[in-house]
Amino acid sequence: MVSKNFYIKLIIRVLMLALVALLMAFAFLQEYYILSAFLILLFSLQTLFLIHYLNYNNRKIAFFFNAVKNEDFTLRFPEKGNIGSFNELNHSLNTLNNMMQEVYLKNQAQEQYYQEIIKQAEIGMLTFNNKGHILFANPMVEKLLNYTPLNHIKQLAQVDDKLYDLFKNIQPFERRLFQLTNERETIQLAMKSNEILLNKEKLNLITIQDINTELDKKETDSWIKLIRVLTHEIMNSVTPITSISESILRYFKDEKGVVMTEHIDKNKIYNAAKGLEVIKNQGKDLMSFVQSYRSFLNVPAPDKELIEVPLLLEKVKVLASQEKGVNTISFDLINTIKDLEIYADQKLITQVLVNLSKNAIQALKATNNAQLQFISGITEKGQKYIVVKDNGPGIPSEIMNQIFVPFYTTKNDGTGIGLSLSKQIMHLHGGMLNVFSIPNQETSFTLLFD
């Protein structure tokens, strides 16, 4: 209760009205008309005072709420000089006003804090409604898009027509890449859309990030890894050639010059022939390595057609079944969607699946209850997928980020281009090749198609 005294006085006034009404009725029945007239006047005055009493408090409370609505917390009601019930009511209103002012100021401080964080963020953020009006855009967005101030997404057409079309048609939770060229530079933008609800209005929240720096770093890292692997492979082939060549040269040339034929015995000739044979084999290996490099760089453009996934997987299973050791493996096909089709180059995708299958079969050689599965279906986002999954030893976490590097291999007889070539083929299809591995439990390579 705001004031017990207020309610007590209100009850007393109502009881007095009831008492006067009863007396007025009694006087009228007894034909005391003068007394009746006096009581009617008294009843009317009491009614007016009660209405005034209630309206006074109602106006005060209404005034208080109007002030709160207009975010005016300077309003104060006198807590002295009135009757007790009014003083108590005024005190309660002032206390409530102070509490609401504290909450308001706290929310204001938090809002300023969050806005400052967003302004300082290295990622651009903007929100716009379904009419295209931009409600908020942080400075990074204006810097990335090279346009200020931003009030409507139609302004983006002045930056790039394609950029405006992207913003106009982007769907919630969609990711897009956009290359923006202006008079200063060309930048690669990564955009992500989210849908938020504010005051019962749906808004699009777009985050924009310049990924040029990240791409440059990734590209540099990839080149470093590639050069390291190439250097390692070439040195492994060239070092024996150099060493053996020097040994053979010593058979036929010394400090005095070329050795005469009469000083060359059969043993030296035999060793020289054997050394030349090793040089020839090392040269072939080096040529094979270079050929692998050429094949990696010369992947043909996909000749796409509609492919029935179940038939494709049956074909790959037959091809993979020729691999040594496959008889000890449980080989299953799981098609979660019947008659699933993909638009791809059948030869290239078959090459990817066969390569992944061979890797899995080789990894499962020492695994009990070995299992290999082909799983196909459609993700929640509508992407078609094919998964090659096994329960082998898995991929150690320390080499997980190396397995797609060209020519990186952990096998003695491997070239190291299978996985990198497979990933390149998927990129040429506009898709992705992802890997997931839990050692000794599960390893899965997922082919994602748009």
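The exercises below treat two sheets of a predicted model.

**Exercise 1.** In the open sheet whose pairing is antiparallel, what is the order of the five strands, and which are the edge strands?

*Solution.*
Step 1. The strand order is β2-β1-β5-β4-β3.
Step 2. β2 (134–137) and β3 (175–181) pair on one side only, and these are the edge strands.
Step 3. From one strand to the next, the twist averages 25°.

**Exercise 2.** Find how many bridges pair β1 with β5, and which strands helix α5 touches.

*Solution.*
Step 1. Five bridges pair β1 (residues 124–128) with β5 (residues 201–210) in the antiparallel sense.
Step 2. One residue pair can be named: F128 has N204 in β5 as its bridge partner.
Step 3. Helix α5 (residues 161–169) packs on this sheet and touches β1, β3, β4 (186–198) and β5. The direction of α5 makes about 160° with that of β3.

**Exercise 3.** In the open sheet with mixed pairing, state the strand order and explain why β9 and β13 each have one side without a neighbour.

*Solution.*
Step 1. The five strands follow the order β9-β11-β12-β14-β13.
Step 2. β9 (330–335) and β13 (432–438) are at the edges with a single partner strand each, so one side of each has no neighbour in the sheet.
Step 3. With direction ignored, neighbouring strands are turned by 15° against each other on average.

**Exercise 4.** Which residue is the bridge partner of I375, and which helices pack on this sheet?

*Solution.*
Step 1. Strands β11 (residues 371–378) and β12 (residues 384–390) run antiparallel, joined by seven bridges.
Step 2. The bridge partner of I375 is V387 in β12.
Step 3. Helix α9 (residues 346–363) packs on the sheet, touching β11, β12, β13 and β14 (442–449), and its direction makes about 175° with that of β14.
Step 4. Helix α10 (residues 418–428) also packs on the sheet, touching β13 and β14, with its direction at about 135° to that of β13.

Note on methods:
Residues are numbered from 1 along each chain as its sequence is written. This is a predicted model: local features need pLDDT of at least 70, side-chain atom pairs count only at pLDDT 80 or more; totals for chains, interfaces and linings use all residues. Side-chain values use heavy atoms; hydrogens and water are left out. Two strands pair if DSSP finds at least two bridges between them. Helices (H or I, at least four residues) and strands (E, at least two) are DSSP runs, numbered from the N terminus. Axes are lines fitted to C-alpha atoms, for helices over the stretch in contact, and angles run from 0 to 180 degrees between N-to-C directions. Contact means heavy atoms within 4.5 Å.
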